[in-house]
Amino acid sequence: MTPPLDTIVERLAAWKDVERQKIERRDSFLVRGQVFAFLGRKGIVVKLAPPQVSEALKIKDAKRVKTGQETDAREFVQIPVMTPREVERAMLWLRRACRLGRTAAGPI
């Protein structure tokens, strides 16, 4: 893992209700049992609602990621994180994805 991704993993570990698991050989992050993000090859992959997807895809080098399992309307987008400067941008998208995961999972 690159140092910027290490920083993201450390921050996610401190978030309330967030759990880290290996799912299909990927370091995945779950909230209330729902995957909201996982580590990609060149950044963090976040699960977003359709309006957020188009906004996220405006980021240079961002791309859709097919997981082969999704049945709902949400999609995964890889947000590039290659330098420390990109960590804060990624955290913004992770907060959105986590919030969406919390509401999609419903109350416990």
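This passage walks through the sheet, the nonpolar core and the salt bridges of a predicted model.

The sheet makes a handy starting point. It is open and has six strands, running in the order E1-E2-E3-E4-E6-E5 with antiparallel pairing. At its edges stand strand E1 (18-23) and strand E5 (63-65), and each has a single partner strand, so one side of each is left without a neighbour in the sheet. On average, and ignoring direction, neighbouring strands are turned by 35 degrees against each other. In general, strands of a sheet pair through backbone hydrogen bonds, either parallel or antiparallel. Here E1 and E2 go together in the antiparallel sense, over six bridges. Within that pairing, Arg 20 sits opposite Phe 29 in E2.

Next comes the core. The largest nonpolar core takes in 27 residues, and those with the most contacts inside it are Ile 8, Phe 36, Ile 44, Ile 79 and Leu 94. At least two residues of this core come from each of helix H1 (3-14), strand E2 (26-31), strand E3 (34-39), strand E4 (43-48), helix H2 (50-56), strand E6 (75-80) and helix H3 (87-105). H3 gives the most, with seven residues. Ile 79 shows what such a core residue touches: leaving aside residues up to four places away in sequence, its contacts are Lys 42, Gly 43, Ile 44, Val 46, Ala 56, Ile 59, Arg 89, Ala 90 and Trp 93.

Then there are the charged pairs. Side chains of opposite charge can pair when their charged atoms come close. The model has eight salt bridges. One of them joins Arg 102 and Asp 17, at 3.8 Å from N to O. This pair links distant parts of the chain, with Arg 102 in helix H3 and Asp 17 in the loop between H1 and E1, 85 residues apart. Arg 102 is partly exposed, with a relative accessible area of 27%, and Asp 17 is partly exposed too, at 37%.

Another salt bridge ties Glu 55 to Arg 96, whose closest N and O atoms are 3.4 Å apart. Here the link runs from Glu 55 in helix H2 to Arg 96 in helix H3, across 41 residues of the chain. Glu 55 counts as partly exposed, at 38% relative accessibility.

Salt bridges that share partners also join Arg 20, Lys 22 and Asp 27 into one network. Within this network, Lys 22 and Asp 27 have their closest N and O atoms 3.4 Å apart. Lys 22 counts as exposed at 58% relative accessibility, whereas Asp 27 counts as buried at 16%.

Key: Residues numbered from 1 in each chain as written. Predicted model: local features only at pLDDT ≥ 70, side-chain atom pairs only at ≥ 80, totals over all residues. Heavy atoms only, no water. Core = buried A, V, L, I, M, F, W, Y, C linked by side-chain atoms within 4.5 Å. Buried < 20%, exposed > 50% of the residue type's maximum accessible area, 1.4 Å probe, protein only. Helix = DSSP H or I, 4+ residues; strand = E, 2+ residues; numbered from the N terminus. Contact = heavy atoms within 4.5 Å. Pairing = 2+ DSSP bridges. Axes fitted to C-alpha atoms, helices over the stretch in contact; angles between N-to-C directions. Salt bridge = Lys/Arg side-chain N within 4 Å of Asp/Glu carboxyl O.
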